[in-house]
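I pulled this one up to see how the pieces fit together. My notes follow, in the order I looked things up.

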Number of protein chains: 2
Amino acid sequence: MESIKVALLGTGTAGGGTFRVLARNQEEITRRAGRAIEISLVGARDPGRARRVVGEGVRIEPDLLRAATDPAVEIVVELIGGQERARELVLAAIAAGKHVVTANKALLAHHGNEIFAAAQAAGVTVAFEAAVAGGIPIIKALREGLSGNRIEWIAGIINGTSNFILSEMRDRAVTFEAALARAQALGYAEADPSFDVEGIDAAHKLSILSAIAFGIPMQFSKIYTEGITRLTAADIRYAEELGYRIKLLGIARRSAAGIEMRVHPTLIPTRRLIANVEGVMNAVLVQADAVGVTLYYGAGAGAEPTASAVVADLVDVTRLHTADPENRVPHLAFQPNALASTPILPMSEVRTSYYLRLQVLDQPGVLADITRILADRSISIEAFLQKEPRAGQAEADIVVLTHQTLEKHVDAAIASIEALATVLGRVTRIRVEALG
Amino acid sequence: MESIKVALLGTGTAGGGTFRVLARNQEEITRRAGRAIEISLVGARDPGRARRVVGEGVRIEPDLLRAATDPAVEIVVELIGGQERARELVLAAIAAGKHVVTANKALLAHHGNEIFAAAQAAGVTVAFEAAVAGGIPIIKALREGLSGNRIEWIAGIINGTSNFILSEMRDRAVTFEAALARAQALGYAEADPSFDVEGIDAAHKLSILSAIAFGIPMQFSKIYTEGITRLTAADIRYAEELGYRIKLLGIARRSAAGIEMRVHPTLIPTRRLIANVEGVMNAVLVQADAVGVTLYYGAGAGAEPTASAVVADLVDVTRLHTADPENRVPHLAFQPNALASTPILPMSEVRTSYYLRLQVLDQPGVLADITRILADRSISIEAFLQKEPRAGQAEADIVVLTHQTLEKHVDAAIASIEALATVLGRVTRIRVEALG
């Protein structure tokens, strides 16, 4: 059978990796797909640089829009990143009847609903396995592997940079800033790391995971997002003492009232497998009604892990591109006319447990004040840690672990606690998930 | 669209679970598949018992062959287990043009090549996600999710009964027999547990995983299979002291010389995630060239985890049954005309590391004799543990961890060590995998 022709847009890390993996594993991929997958056209604004990546023998088109709509190709792989230009190119490719493969989570989080609707109307597929958790086939697992289940919640370490920084802070007992500097030196963090450390990248991915887990449209703007920049070495140490590890999690959970979607640092019991996912690795834990808990672990970024997911999508699209569009796996797992309008809960209505750390003057009655404030809001205490003041100091650290309660009750309790004269500065609040 | 009609053969644990999950999640499954999936016929030799499982409103057919070939159904789900009768029914269903979904690993390990060839010839699909690792979508991950990769090795905890027993032996410091009795009391082990504890069930699953990982036919008879019945509490304790945990692993590895396929107890570094998979849970670790290492974790057995995989297969088949058979995912991941005849290595040619435990008389020169025997076969020592004799006893335990070597060199070394007058009884040999 003739090879299927692909246009590759972008020859950076992901694009170069995809070109390399397709070339290296050509024989095995063809044995699987039943048909060769050939990058016959490369779209790159800097043809000289692109030529060094893809070598001779491939046409390079500096006009990306022409590459995205070239009549000779059937599939367009978008690996240029960014939002506006990528959106334009992907929509143009769809309008030209091309299937699209993309690794672009920011694009899908912001424009996914528009893009999927356009693809649906044009009868083409937009595949995006590489957009979440790199090489881990989590989109496939959720959308197809667990299709018999009602998915209850997802909790994922879906930003490798943040996970590396948290692992460093714990292993080497260093500050956030020192761990970030090391991540930057190793190439794991950008010069401007805010997308990663502020949780935005994780929120992009969580909006995709939530949609395919619950059959809802993508709703990035409704995700509560809190990064790791304010975590201290003390919090990581106290968490360890209490039997927990701190991870930046993306959590989506279905409750009777609606759907929670949130990205924040989270204490997880150390005995959980996912608490032991270290360095730049990713993992996604899924709780579903029939299968129970499953976990998917692997590299969340990097040239070849990303390429692994891109090529898997290429093989899927190659297989399916002649199929009746109605029989393809729907973009968001559920048929487009069967998406639900389940409300997304505001953070104040989220129910979880809490780690609260506060600095108090070491005086009689302080504890009684704090525990009364918590009791008044029906917040019950699961564990308590009091650190003696250091020699010559009057301030002591207190850590409280609460049972489950509503976020708004904790908001109110924190405000009251911070108003106490014996409490110094702000209360540190980190959410706790048992993931059991 | 009209519902797709399914015949369910068997209403035991897996069959009952499948019926229940399909009924409970009907709405979500239809939203995903775009079409209702309806069990319209149940094949069961004991209709009274089946009626109690499936309730009223479903036709029950006591003649399983008639159920498997009923003109009104398009898909047959085989959940009766066993080999000969299941083979007959599956082949009859295929001959009648039905797609088949099965959870039967013994059937596929022994008759898979015949069954897949028949399905290929008839243009139908045989789906078998539930046959390996229960609800974990590992078949889908390997066959589709990693299709861009050259898979290098797989190592899986794919028998929950054995893993439960090993967890018990470690947690409670009990013997194999005591742990087995507890597994039986909890319903995790059969009255005759040999399929599980002798590694046969794991070998069935490994033959399937190896085929789809490497693009080779199923070759169950070539798998080296060793169970957990001879493991002692002392081995588990010594392994812990050395930083390892003992798991029953199914391992398939590609080397320059051929493919290794083996099931045996294995020491794994405790820091590896898979070493921390406890109880009846399953996990499969995959090393592939592009993505690196990925891990898939979940329930490997039970009514609803099995049902989760069966229903996922039903949704896949429902989507694909109108597709051109050439564009379906091939049964063994690779196109049937592209399977490789890579040789399977005999165990003597396998290269790995070893834990050797021996009981010696506490005399001068014993260690020198043993280390000389190892050195003569170019087996180098990675770690060494000598246990002082207990008070009043002359025998001491010695544990040696070797670096990688060929199994045949270790066979020879063990024979020589056992021939020493100062060595009592047999040498215990457990293989060691770094899984790094």
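**Strand partners first**

I began with one residue pair: A:Ala7 has A:Val76 of E4(A) as its bridge partner. A caveat for everything below is that I'm working from a predicted model.

I then checked the next register position, and A:Val6 is bridged to A:Ile75 in E4(A). Both pairs belong to the match between strand E1 (residues 4-9) and strand E4 (residues 75-78) of chain A, which is parallel and has four bridges.

What does E1(A) pair with in strand E2 (residues 37-43) of chain A, and over how many bridges? I counted six bridges there, and the two strands run parallel. One of the facing pairs is A:Ile4 opposite A:Ile37 in E2(A).

**The whole sheet**

I traced the strand order in chain A as E3-E2-E1-E4-E5-E6, an open sheet of six strands with parallel pairing. Strand E3 (59-61) and strand E6 (126-127) of chain A are the edges, each pairing on one side only.

Is E1(A) buried or exposed? I found five of its six residues buried, so E1(A) is largely enclosed by the rest of the structure.

**The core**

Next I looked up the largest nonpolar core, which has 306 residues. Which of them touch the most other members? They are A:Leu9 and B:Leu9. I note for myself that in soluble globular proteins nonpolar side chains tend to be buried together.

I listed the contacts of A:Leu9, skipping neighbours within four places in sequence. Among them are A:Gly43, A:Leu64, A:Ala67, A:Ala68 and A:Leu89. A:Val76, already noted as the bridge partner of A:Ala7, is also in contact with A:Leu9, and so are A:Val77, A:Glu78, A:Leu79 and A:Ile80.

**Domains of chain A**

I wrote down the division: domain 1 is 4-135 + 303-337, domain 2 is 142-299 and domain 3 is 350-432. The C-alpha centres of domain 2 and domain 3 of chain A are 25 Å apart. Their contact uses 13 residues of domain 2 and 12 residues of domain 3.

On the domain 2 side, helix H12 (233-241) and strand E10 (259-269) of chain A are the elements giving two or more residues. E10(A) gives the most, with six residues. By class I get seven nonpolar, two polar and four charged on that side.

**Chain against chain**

I moved on to the interface, where 52 residues of chain B are in contact with 52 residues of chain A. On the chain B side, helix H2 (26-33), helix H7 (138-145), strand E12 (292-299) and helix H13 (303-320) each supply at least two residues. H13(B) has the largest share, 10 residues. The classes on that side come out as 25 nonpolar, 16 polar and 11 charged.

I also found a strand pairing across the chains: strand E12 (residues 292-299) of chain A and E12(B) are antiparallel, with three bridges. There, A:Leu295 has B:Tyr297 as its bridge partner.

**Symmetry check**

Last, I superposed chain B on chain A, which took a rotation of 180° with 0.0 Å of shift along the axis, at RMSD 0.0 Å. That is the relation of a two-fold axis. Which residue of chain B comes closest to the rotation axis? I found B:Tyr296, at 2.4 Å for its C-alpha. The same surface serves both copies, as 100% of the contact residues of chain B recur in chain A.

Terms used:
Residues are numbered from 1 along each chain as its sequence is written. Chains are lettered from A and ligands numbered from 1 in the order in which they are written. This is a predicted model: local features need pLDDT of at least 70, side-chain atom pairs count only at pLDDT 80 or more; totals for chains, interfaces and linings use all residues. Domain bounds come from an automatic or database domain assignment. Two residues are in contact if their C-beta atoms, placed from the backbone, lie within 7 Å. Ala, Val, Leu, Ile, Met, Phe, Trp, Tyr, Cys and Pro count as nonpolar, Asp, Glu, Lys and Arg as charged, and the others, Gly among them, as polar. Two strands pair if DSSP finds at least two bridges between them. A nonpolar core is a set of buried Ala, Val, Leu, Ile, Met, Phe, Trp, Tyr and Cys residues joined through C-beta atoms within 7 Å. A residue is buried if 20 or more other C-beta atoms lie within 10 Å of its own, exposed if 12 or fewer, and partly exposed in between; C-beta atoms are placed from the backbone. Copies are superposed by least squares on the C-alpha atoms of residues with pLDDT of at least 70 in both.
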